[in-house]
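Work through the exercises below with the structure in view. Each task is followed by a solution in steps.

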Amino acid sequence: MCHQTTRPIRSGSEAAAWSSWGSWAECSLSCGGGVQEQTRVCLSRRATLQNTPEHRHLRRSNSSRVGPGMYGYGRMPYTTPLLKDRQRRSASDIPKQSYRTHQRNPSRPYSPLPNSSCPGAPNQYKICNTMACPSPSRPIRELQCSRFNTQLFMGRLYQWEPFNDVSSGPRCELNCRAVGFRFYVRQADRVIDGTPCGPKRTSVCVAGRCQSAGCDDLLGSGKVPDKCGVCGGDNSACKLVSGLFQHSLSKVGYHKIVEIPAGATKINVTEMVKSRNYLALLSRSGRSIINGNWAINRPGMYEGVGTMFTYRRPNEISSTAGESFLAEGPTNEILDVFMIYQQPNPGVHYEFVMPSENAVEAPRNAVNGPAVSDADGRLTPEDHKRPGVIYPPPVLNNQLPAAPPPTGAKEYNWKLSGSTDCSASCGRGHRSTVFVCVHRVTRAHVSSGLCDGNTKPSPQEEPCNVQPCPAFWDIGEWSECSKSCGLGVQYRQVLCRQSYSNRTLSVPSSLCRQTERPETSSSCQLKICSEWQIRSDWSPCSVPCGVGQRSREVHCVSNVGDIVADEECNMKLRPSDVENCDAGVCTRSWFFSDWSSQCSAECGMGVRTRSVQCLNNHISSLPLERCGTQRPPEAQPCNNGPCESRTEWFAGPWSQCSVECGSGSQQRSVVCLMRSDEGFSVMPSYECSSLDKPLGQQSCFLKACGAKWLYTDWSACSKTCETGFRVREVRCLTDDMMTSDRCEDTLKPHDKEECHPEPCLPLIDEKCRDKYFNCNVVVQARLCVYDYYQMACCASCTRVAQRRTRS
């Protein structure tokens, strides 16, 4: 930046120089961060002499027009020219809901030369009005787009919103999208000065270009603080001192790591890897700042030696990083860093910055020797092995004389107006003096920019509210519940602590007796445990006699009544779902075969027959009285209908099978007969030609050679409804009633079948209903013994009582 009134140079045959900087124009926005502009012009030497305040405040015309806008669809690069008579609207057209905007008011002297005749830029910009806009305020781009809501676009009105996804084109164009449509329009070639270039707000738009503010608050200056905190500095005002403490320790307790001199800034002490060791800070005067006197402090902010320390101790479970101390400084006395040793030292890295004029002696590592910096301000690995070396500050032979104070400094000066509020209500806080800029004569408050910042007194801090804070119970976090379901216990730590000077210390519990001590344990229940439920009665025994098995349904049921995996219930408490049963000895069981398929008479009454045997447990024949007097019938009546006069085929009896067992053939006679009440008359075969003639020959199978299937009566059904099952015993026996394996499996009768498939129809009591949807929780919590829950959850409690009665 040029602060001189004139700087003559030669441009052709005429000498030219910049005029003085004009006054700052009004801020482009009233809040949220606007931009102020300051201008100067290039003048001939003669014009420079005429550069009076009257000349400097002549207004210049600002009537430039904006070219045609562009629009496109979605993210497509396709664009088309808009109407050519659209002009750029001034910032004052923006709705003034949240922002107040101003036109820049640059000054320009009379008869300037072209700016190219002088070196440097004719204008400069700075950020202004950075305070947040009052709530609720709309974003500045949204306000700029909304001003077009009342203008016709292609014959109709739209509601416009900002569109920032244009991949090509300057970020300082005003692109707006029609709400509810897939096209956007470039409404202006540049946004208002001070509009953020993007959502991160790291740079703002000035005259259609993105610029970032330097540390001198000027946009586009590019100046940044160096490591010494000097804006635009060259790192020559300080030295970075760093080192690594790796000494092996053996004795449990405090061990000094490094000594940090007074005046140090940017302090960083970090444990390389997480360990059970702790870092500690003590001032040279003996005052404990963090983790002193064998008391371990919690992570947080702690004040000491004129600065504020941030103590970090990462999560002991999820992180492997070690603990650390950070402070901006500067310190006002020597600081000693210690390690509370409990396990092998993983290494501690430390670094801080010292002003060059104060870096007369390197800090001494308590065990490893002096820690010094190399020419770049960093330690080398060999630094702990060689004597300390201090590099003198470089000779600053290129510094310019300080600029003369601004003219306004003669009219305004700084005045002490009071002090800030105390930083703490008790336990020692601090407050700082506040200086304001006033008119030297009227003593009226004016903008701070009118006073010389170099002459502003440094704020002074003084302690306040030094009375001790009352002790309080410091309550830790609850531990996890001791049980994942059901009633458990959780614990927390409760300590009596007292705050003083931004520190919190543990004190005797007697100091907290004015308040009741919080509980250190509490009952907890994450959820109601799942439980075993028996869902059916025992089934009948699987055999009609002898030893068999019976079963029942046992399920693990959650607290909401759903059947879940057995692992969610206590397997040690699982009721048995299968057990043996004894149906008695099998010595008195009647066995019988199927009824014959044909009736003994083709019409009228006849009989069907079957085989009946009394068998014992050893499959041997017994006297009939051993099976009791209730012998199953061996014959039953059958009726093929009344005999009537009609012509039909009559077949004689089949001859004997051609083989005694296995597959054979047999024959019979087939004749056409007239049946009447008088008897039968043989008729010619053509009289029966309309009827199907029975076969005169067929294959026959008397039995499997030497064996056949026999079975008992069906047992009772296991359920009276909702589909149960019944069983019977089936055996393969020879002709002499001996067990055999020669029966064909495909012919084996079923020994188990379903029964009573009809649904159960419980008795419904209209007065006994559940009043709540979650009565299953009441049942599982065994609250049905109380009258209130018996009425509120009548149906659920009644079902449980009935199941218990059946079991």
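Both cysteine 657 and cysteine 700 are buried in this predicted model. The exercises start from this pair.

**Exercise 1.** Determine what joins cysteine 657 to cysteine 700, and which hand the link has.

Solution.
Step 1. The S to S distance is 1.8 Å. A disulfide requires sulfur atoms within 2.5 Å, and cysteine 657 and cysteine 700 are joined by one.
Step 2. Locate the two ends. Cysteine 657 sits in the loop between strand 43 (646–651) and strand 44 (663–667), while cysteine 700 belongs to strand 47 (residues 697–701). The pair is 43 residues apart and links distant parts of the chain.
Step 3. The torsion about the S-S bond is about 80 degrees, so this disulfide is right-handed.
Step 4. For context, the structure holds 22 disulfides.

**Exercise 2.** Describe the link of cysteine 784 and cysteine 797, and decide whether each residue is buried or exposed.

Solution.
Step 1. The sulfur atoms of cysteine 784 and cysteine 797 are 2.0 Å apart, and the two residues form a disulfide.
Step 2. Cysteine 784 is in the loop between helix 4 (775–780) and helix 5 (787–792), and cysteine 797 is in helix 6 (residues 794–806), so the disulfide ties together parts 13 residues apart in sequence.
Step 3. The angle about the S-S bond is -75 degrees, and the link of cysteine 784 and cysteine 797 is left-handed.
Step 4. Buried means under 20% relative accessible area. Cysteine 784 has 17% and therefore counts as buried. Cysteine 797 has 8%, so this residue is buried too.

**Exercise 3.** Explain why strand 48 is described as largely enclosed, and find its pairing with strand 50.

Solution.
Step 1. Strand 48 covers residues 707–711, and 4 of its 5 residues are buried; therefore the rest of the structure largely encloses it.
Step 2. Strand 48 pairs with strand 50 (residues 730–734) through 5 bridges, in the antiparallel sense.
Step 3. Within this pairing, tryptophan 709 stands opposite cysteine 732 of strand 50.

**Exercise 4.** State the strand order of the open sheet that contains strand 36, and identify the edge strands.

Solution.
Step 1. The open sheet has 3 strands in the order 34-36-37, with antiparallel pairing.
Step 2. Strand 34 (531–534) and strand 37 (563–564) are the edge strands, since each pairs on one side only.
Step 3. Strand 34 is joined to strand 36 (residues 554–557) by 4 bridges. In this pairing, isoleucine 534 stands opposite valine 554.

Terms used
Residues are numbered from 1 along each chain as its sequence is written. This is a predicted model: local features need pLDDT of at least 70, side-chain atom pairs count only at pLDDT 80 or more; totals for chains, interfaces and linings use all residues. Side-chain values use heavy atoms; hydrogens and water are left out. Two strands pair if DSSP finds at least two bridges between them. Helices (H or I, at least four residues) and strands (E, at least two) are DSSP runs, numbered from the N terminus. Buried means under 20% relative accessible area, exposed over 50%, partly exposed in between (1.4 Å probe, protein chains only).
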